[in-house]
Amino acid sequence: MQQADSIGRLIAQGRQQLRAGDSAALDAEVLLAFVLGVDRAWCYAHSDDPVRANLACDYRSLLGKRAAGFPISYLTGCKEFWSMELKVDRHTLIPRPETECLVETALELIPERAALDVLDLGTGSGAIAVAVAKERPRCRVTAVDIMAETLAVARDNAARHGLSYIRFLQSDWFEALPGDVFDIILCNPPYVASGYRGLAEDEIRHEPRIALDGGYQGLAAIRQLIPASLRHIKPGGYLVLEHGGDQTRSVRELLVVNHFSGCGTRRDYAGRDRVSYARR
Ligand SMILES: C[S@@+](CC[C@H](N)C(=O)[O-])C[C@H]1O[C@@H](n2cnc3c(N)ncnc32)[C@H](O)[C@@H]1O
């Protein structure tokens, strides 16, 4: 009779199979831990334990998908953001660590005990709305997205973190919010240039195109949102936008042309410009 594979052996096989990727060892461990329903530390402590054949088979199937470039977060159905585990699926952008820079900027602009009206435009998995609502529980947070399937995931994430009071709306940007005004609008818009080859070739090809493709120069949504937001920000309120490192000048010019003041830009952990904000 064939001997069952051990945890350690399966991880070594996975590492070998994924060796072309930057994170082969980590990915193999994450996938096996996911299939076994344990955490990675448990795998280290039980590396000689045998793994049932059906689970080893599930693991190998996931390894195959990962080796073909499928994002690991879609395979496990979750992604950590702002120290919270968020559900993700193929309808949602996988939240990026850079977007924590937008959350940090928002929290600096919202005093700790303030009860402000906050809008997260294009909420995706709900990452920004959930993080801000968690840190500023007095705020009234609204989150919109154009995709119903995406909003369902965002709602689920809010409920999982006990934040079901966030108001979720399906909306083409401000369309479903005709008379609403906010103290602060937060937005991580699609800002990848349509012509960027990676949209078709890189791992991001598995993510929703609508979440990434920002049209010409990646600025189409930003060009639309900056003037449109004027009608929805209270005087003295803020617009906070995530953007690409090479888009700072265009974004800041658009803010100034639209009579915003006090523009600032923050860098992400990698030292690239990532978030610009300004006051109405
Ligand atoms: C870059 S993703 C950001 C997702 C999430 N906020 C995050 O930071 O991880 C952009 C989001 O905007 C949404 N979106 C794109 N076009 C939209 C539109 N016209 N109206 C509302 N949402 C839109 C997409 O569905 C996607 O969820």
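Hi everyone, let's start with a quick ruler check on one helix, α8. At 1.5 Å a residue, the 13 residues of α8 should span 18 Å, and its end C-alpha atoms sit 19 Å apart, so the two agree. Please keep in mind that this is a predicted model.

Now, which residues of α8 are buried? They are T150, L151, V153, A154, N157 and A158. These buried residues cover an arc of only 160° around the axis, which means they are on the same side of α8. If you are wondering about the spacing, an α-helix has 3.6 residues a turn, so residues three or four places apart point the same way.

And what do the buried residues of α8 pack against? Their partners are β2, residues 84–87, and α7, residues 127–135, together with β4 and β5. Looking at the whole helix, α8 covers residues 148–160 and lies across β4 and β5, running at about 175° to β5. Just past the end of α8 you'll find G162, which takes a positive phi of about 70°.

Let's move on to those strands. Strand β4, residues 140–145, and β5 run parallel, and four bridges join them. To find one on your screen, go to V144: its bridge partner in β5 is L169.

Both strands belong to something wider. They are part of an open sheet of seven strands, ordered β5-β4-β3-β6-β7-β9-β8, with mixed pairing. Which strands are at the edges? Those are β5, at 167–170, and β8, at 261–267, and each pairs on one side only. From one strand to the next, the twist averages 15°.

Finally, the nonpolar cores. The largest one has 33 residues, and V118, V132, I166 and L186 are those with the most contacts inside it. Several elements give two or more residues to this core, including our helix α8, strand β4 and strand β2. Which element gives the largest share? That is α7, with seven residues.

I166 is a nice residue to click on. Leaving out residues up to four places away in sequence, I166 touches A129, V130, A133, V141, A143 and A158. You have met A158 already, as one of the buried residues of α8.

There is also a second, separate core, with 24 residues, and among them are W173, F174, Y191 and F260.

That's my tour, from one helix out to the sheet and the cores. Thanks for listening!

Note on methods:
Residues are numbered from 1 along each chain as its sequence is written. This is a predicted model: local features need pLDDT of at least 70, side-chain atom pairs count only at pLDDT 80 or more; totals for chains, interfaces and linings use all residues. Side-chain values use heavy atoms; hydrogens and water are left out. Two strands pair if DSSP finds at least two bridges between them. Axes are lines fitted to C-alpha atoms, for helices over the stretch in contact, and angles run from 0 to 180 degrees between N-to-C directions. Contact means heavy atoms within 4.5 Å. The expected span of a helix is 1.5 Å times one less than its number of residues. Buried means under 20% relative accessible area, exposed over 50%, partly exposed in between (1.4 Å probe, protein chains only). The arc is that of the directions from the helix axis to the C-beta atoms. A nonpolar core is a set of buried Ala, Val, Leu, Ile, Met, Phe, Trp, Tyr and Cys residues joined through side-chain atoms within 4.5 Å.
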